[in-house]
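Hi,

Here is the structure I said I would pass on. Have a look at it first, and my notes on how the helices and strands pack follow below.

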Amino acid sequence: MKAKPEARLELSEAEMRQYGYKVIDSIIAHHLGQEDKKPVSLATRKEMDSLLGESIPEHATPVDTVLDTVMEKVMPFTNLLSHPKFFSFVPGPSNYVSAIADALATGFNIFSGGWIASPAAAELEILTVNWLLDLYGFPQKRGGGIFTSGGSMANLTALVTARNIKCGDDFSKAVIYLSDQAHSSNIKAIRVIGFRKDQIRLIPTDGEFKFSLNKLKNAINKDRLAGLQPFCLLASAGTTNTGTVDQLPELGAIAKTEDLWFHVDGAYGGAAILAKNGKQLLKGIEKADSLTVDPHKWFYQPYEMGCLLVRNHKWLSGTFTEKPEYLKDVEGNSSEINFYDHGIQLTRRFRALKFYMSIKTFGLKAFREAVQYNFDLCEKVESILRKSKKWEVVSPATLAIINFRYNPIDRNLTEAELDNLNSKISEKVVDSREAMLVTTILNGQTVLRMCLINPRTTLAHVEETIALCEQMAE
């Protein structure tokens, strides 16, 4: 018995080749012509409904027609996060080799959950995780890790592990400490895994947006005296707002003295370790019990790819291993890692392939030079802004992030006027679609925030954008 030809969901060999070449040509054209496009796409829900809305199609549509529809009506209505003038949030520079690696992994439909399903996929994840363990000074034999969809899932996985190791089944009195600059994904993760708001301590930061160590110590002491259970300290290695790195050596020492799990969220800034002075900036990161890094940010990988590293791989397997009857025959031996036992997902993409292929293709040296270029570019931008009579640097170049505001010396504008003016500048720039540059709030001030981690962004791109801001301001 065979399914009808149309029910086999197949194309002919000739159709597959033609279709594949057309898709690859589209991707290449996108990579080569990105700078000629505008980085910002703007559309209302009504406009998108009008463009794409339809009932579920019962009958077939020619494959080329479907692809043409996507290229004409979908791709033009997405922001280009790898565009050299996309400066906001954390841009995703990506790279072509990793994009094609993702296509390979998806094309072969590789299941990367268990060893028996794909020994090579599991081995490449072990290998590339070991590369990262070595890079961050984590134990090679005892340490471990797992690739996740992003930093949010990596942080969630870390906190579930910390709760299990430090609290067991009863975490009713447990308390976790993080700064007011910690990424919002951490707060979301803490709430998702069952902690109440009153179990979260948001410690104020100092003038440099770093953890206030004295306030942290006071909070821990107060909670112990109240009969509560301090169990986890969460530090940032590169905050999203300012790129600030918390005092990792001091925080690590506090965590050790107080017997707290020490988690470092390096989703943004972890890759800075590749820069000349990055290792010094991240000194103390090797003392973390767990560390989040996001290869789809500053390691230039396509979405989705986060990573969690831990000092002891048994912490992960001891937290997440379940043994249902239907997986009994595929357990393997202890050296053959089933990554579904090291995290939340059972079904997993083959994320390690793109990291492996891009590192092998370009070499780590090229990645080091790219990260260093980002450092140098941001510092050059700061120098230019400081020499101008129109701009004020609010937070200096830190891990390729700089915050500044339009504040001409001769205008004597009030704080309210400055906030309104800089908000309007951002609004006008985004509306122009020439660049993506949005605001954030620092010390109660509305500022423009620029994140410069794209190695294809030049100084000219930045200067053109600053000139556009000045034009909008005037």
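Let me start with helix 5 (residues 119-135) and helix 12 (residues 352-362): their axes come within 9 Å and cross at roughly 60°. That angle makes helix 5 oblique to helix 12, and the crossing of the two is left-handed. Bear in mind that this is a predicted model.

If you want to find that contact on screen, pick out Leu-124, Glu-125, Leu-127, Thr-128, Trp-131 and Leu-132 on the helix 5 side. Facing them from helix 12 are Ala-352, Leu-353, Phe-355, Tyr-356, Ile-359 and Lys-360. Sorted by class, this contact of helix 5 with helix 12 has nine nonpolar residues, one polar and two charged.

Next, the sheet. It is an open one of seven strands, with mixed pairing and the order 1-7-6-5-4-2-3. Which strands stand at the edges? Those are strand 1 (144-148) and strand 3 (200-203). Each has a single partner strand, so one side of each is left without a neighbour in the sheet. From one strand to the next, the twist averages 20°.

Inside the sheet, strand 2 (residues 174-179) and strand 4 (residues 229-236) run parallel and are joined by five bridges. If you'd like a residue pair to look at there, try Tyr-177, whose bridge partner in strand 4 is Leu-233.

Helix 11 (residues 313-320) packs on this sheet, where it touches strand 1, strand 5 (261-266) and strand 7 (306-310). The direction of helix 11 makes about 110° with that of strand 7.

The other helix pair I looked at is helix 8 (residues 213-225) with helix 9 (residues 248-258). These two pack at an angle of about 15°, and their axes are 11 Å apart. Angles under 35 degrees count as roughly parallel, and helix 8 and helix 9 are therefore roughly parallel to each other. Their crossing is right-handed, whereas that of helix 5 and helix 12 is left-handed.

What makes the contact between helix 8 and helix 9? Helix 8 brings Leu-213, Leu-216, Lys-217, Ile-220 and Arg-224, while helix 9 brings Glu-250, Leu-251, Ile-254 and Glu-258. By class, the contact of helix 8 with helix 9 comes to five nonpolar and four charged residues, with no polar ones.

Over to you!

Cheers

Methods: Residues are numbered from 1 along each chain as its sequence is written. This is a predicted model: local features need pLDDT of at least 70, side-chain atom pairs count only at pLDDT 80 or more; totals for chains, interfaces and linings use all residues. Side-chain values use heavy atoms; hydrogens and water are left out. Axes are lines fitted to C-alpha atoms, for helices over the stretch in contact, and angles run from 0 to 180 degrees between N-to-C directions. Helices (H or I, at least four residues) and strands (E, at least two) are DSSP runs, numbered from the N terminus. Angles under 35 degrees count as roughly parallel, over 145 as roughly antiparallel, 65 to 115 as roughly perpendicular and the rest as oblique. A crossing is left-handed if the near helix is turned anticlockwise from the far one by less than a right angle, and right-handed if clockwise. Contact means heavy atoms within 4.5 Å. Ala, Val, Leu, Ile, Met, Phe, Trp, Tyr, Cys and Pro count as nonpolar, Asp, Glu, Lys and Arg as charged, and the others, Gly among them, as polar. Two strands pair if DSSP finds at least two bridges between them.
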